[in-house]
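Let's take a walk through this model, starting with one charged residue and working outwards to the strands and rings. Keep the structure open beside you as you read.

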Amino acid sequence: MTGNEINNIQVYRKKWNINIGVIIFGVIFVYLVVTVLMYATAKHVSSYEVREGSILKDTSYTGLVLREETVIGAEADGYINYFAPEGSKVGRKTNVYSISSEKLDFSGQENTEESEDSGLTSEERDSIIQKAQSFSENFQNSKYEDTYTFKDSVENILSSSTAQSRQAQLSAMIQSGQEGLTTYAASDDGIIVYSVDGYEDLAMDQVTADMISRADYQKTELFNNTKVKSGDPAYKLVTNEEWTLVIQLDEEMTKELADTTSVKVRFTKDDQTTWAGFQIYNTEDADLGFLTFDHSMVRYVGERFLDIELILEDETGLKIPKSSVTEKEFYIIPEDYITLGGNSSQSGVLVQSDGEDASFHAVDVYYRDSETGMVYLNMDELKKGDVLIKPDSADTYAISEKASLQGVYNINKGYAEFKPVEILCESEEYYIVESGNDYGLTNYDHIALDGSEIQENELVM
């Protein structure tokens, strides 16, 4: 190789090759660094998912039933048998019972068509189940006599299951002119009951706490084919649809219900719910609540005591923890001063400048009060003393008035947004708040569990 050839060697600039893999890796690395920094600097807030729910506040009582009822005595000595089933309505001159000199023989009913199905009706089965459930839930060893009351009640239902057949046989005996058998009609219109307990003439001002607790309570069931003497209780008539249930209140409940005139009631026996008039009477030994009804008397006509629940609160809405609720202060202005900016749909106000001109300031409306016509604006968007101009008018309004709203911080978007809430009711740990509000929460929103630890527009993770 000659020297000239060596001198002619040229160094070429190395060509730059773009490595797409390195670029992608760099972008991912920068993204991870930014994400870690954001996570490290952002506030970590425990969240709660808003869900629909309800709060039911109720208290359970056993009440003493007062009715307009009359015990009708047997009109002769002998064996009594009944035509009408208990709880049925009878009219004056309707045959209710018969008296015979000898015990009647109904064994022939086993051969009648009516006895082909010897099972109980669904109503009779339900009645026995309800009585058994009530007896089981309220039984106390100190009141063993309630066992016999329960036994008599069930026997009365079983006996009444053959009432139609017995009626037919009694009618047949009367038509045949059977000797020593006399029928007797109802003395008045009413609902018939075949039991007595001595509380039939009890007045409201005679009720005591001991009576409500069933102290020394005794109930006597009246059965078919039992021997009676003239004047003995034959049946009982309830002659008025209005009735009263008396419950004993503790001091706290007496204060809570002091101004209450009506209350929602649920009957444990059949889970029926209704409204009752309500009054409190203070006696020497107890505070008594009187619940008055003008319907459903026949449903409980055979009961002297009823287990109930007073439903003091029963609200459905969005369920949120109490810890999430906080307060925020706002400027309030008349709604008429809110306008739209230019061609956008952004709400805002016209703020008077130093001259006569006005500038548009976008604002977020947090709440509209339909009663006062005022709207709530964020205090960071305006300042006290700003003069607002009413659209299409020369009227002005100087910002000065403030008001607070209860609300929570919605964190759906990764930052805190205040949302006002309308509290409907509460329990020890939760509120039920109104749903469907244009400015409030919706189902499945995520909110800060502790509203006191966060501020408006704060980034959260």
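Glutamate 303 is a good place to begin: its relative accessible area is 17%, under the 20% cut-off, so it counts as buried. Bear in mind throughout that this is a predicted model.

**Salt bridges**

What does glutamate 303 pair with? Its side chain meets that of lysine 269 in a salt bridge, at 3.2 Å from N to O. The two residues come from distant parts of the chain: lysine 269 is in the loop between β14 and β15, while glutamate 303 is in the loop between β16 and β17, 34 residues apart. Lysine 269 is partly exposed, with a relative accessible area of 28%.

That pair is one of 19 salt bridges in the structure. Side chains of opposite charge can pair when their charged atoms come close. Here are three of the bridges, side by side.

| Acidic residue | Basic residue | N to O distance |
|---|---|---|
| Glutamate 303 | Lysine 269 | 3.2 Å |
| Glutamate 49 | Arginine 51 | 3.5 Å |
| Glutamate 417 | Lysine 413 | 3.9 Å |

How exposed are the partners in the other two rows? Glutamate 49 counts as partly exposed at 33% relative accessibility, and arginine 51 gets the label partly exposed too, at 38%. The remaining pair is a mixed one: glutamate 417 counts as buried at 18%, whereas lysine 413 is exposed, with a relative accessible area of 56%.

Some salt bridges share partners, and these join Arg67, Glu69, Asp197, Glu200, Lys236 and Arg304 into one network.

**A buried acid without a bridge**

Now for aspartate 307, which lies in strand β17 (residues 305–321). This residue is buried yet has no salt bridge. Why does arginine 214 not count as its partner? Arginine 214 is the nearest side chain of opposite charge, but it is 4.4 Å away, and a salt bridge has to fall within 4 Å, so the pair misses the cut-off. What aspartate 307 does have is a polar contact of 2.6 Å, side chain to side chain, with threonine 62.

**Strands**

Strands of a sheet pair through backbone hydrogen bonds, either parallel or antiparallel. One open sheet here has 4 strands in the order β3-β12-β8-β5, with antiparallel pairing. At its edges are β3 (69–73) and β5 (89–90), each of which pairs on one side only. The partner of β3 is β12 (residues 233–238), and the two run antiparallel over 5 bridges. Within that pairing, glutamate 69 stands opposite valine 238. Glutamate 69 has turned up already, as a member of the salt-bridge network.

Further along, β14, β15 and β16 are linked by two hairpins. Strand β14 (residues 262–267) pairs with β15 (residues 272–282) in the antiparallel sense over 6 bridges, with phenylalanine 267 opposite glutamine 272. There are 4 residues between these two strands, and in that turn aspartate 271 has a positive phi of about 60 degrees. Lysine 269, from the salt bridge with glutamate 303, is in the loop between β14 and β15 as well.

How many bridges join β15 to β16? Again the number is 6, with β16 (residues 287–293) running antiparallel to β15. Tyrosine 281 has leucine 288 in β16 as its bridge partner. This hairpin, too, has 4 residues between its strands.

**Rings**

The structure holds 17 aromatic pairs. In one of them, the rings of phenylalanine 330 and tyrosine 366 have centres 5.0 Å apart and planes at 45 degrees, so the pair is tilted. It links distant parts of the chain, with phenylalanine 330 in β18 (residues 326–334) and tyrosine 366 in β22 (residues 365–369), 36 residues apart. Both phenylalanine 330 and tyrosine 366 are buried.

Another pair has a contrasting geometry: tyrosine 409 and phenylalanine 418 have ring centres 5.6 Å apart and planes at 75 degrees, which makes the pair edge-to-face. Tyrosine 409 is buried, with a relative accessible area of 5%, and phenylalanine 418 is buried at 2%.

Which residues do ring pairs link into a cluster? They are Phe330, Tyr366, Tyr367, Tyr376, Tyr409 and Phe418.

Charges come into play here as well. Lysine 328 lies over the face of phenylalanine 330, at 5.7 Å from the ring centre. Elsewhere, the charged end of lysine 319 sits over the ring of tyrosine 430, 4.8 Å from its centre.

Notes
Residues are numbered from 1 along each chain as its sequence is written. This is a predicted model: local features need pLDDT of at least 70, side-chain atom pairs count only at pLDDT 80 or more; totals for chains, interfaces and linings use all residues. Side-chain values use heavy atoms; hydrogens and water are left out. Two strands pair if DSSP finds at least two bridges between them. Rings of Phe, Tyr and Trp (its six-membered ring) pair if their centres lie within 6.5 Å; planes under 30 degrees apart count as stacked, over 60 as edge-to-face and the rest as tilted. Buried means under 20% relative accessible area, exposed over 50%, partly exposed in between (1.4 Å probe, protein chains only). A charge sits over a ring if NZ of Lys or CZ of Arg is within 6 Å of the ring centre and within 35 degrees of the ring normal. Lys and Arg count as positive and Asp and Glu as negative; His and the chain ends are not counted. A polar contact is a pair of N or O atoms within 3.5 Å; within protein, one must be able to donate a hydrogen and the other to accept it, and residues adjacent in sequence count only if both atoms are side-chain atoms.
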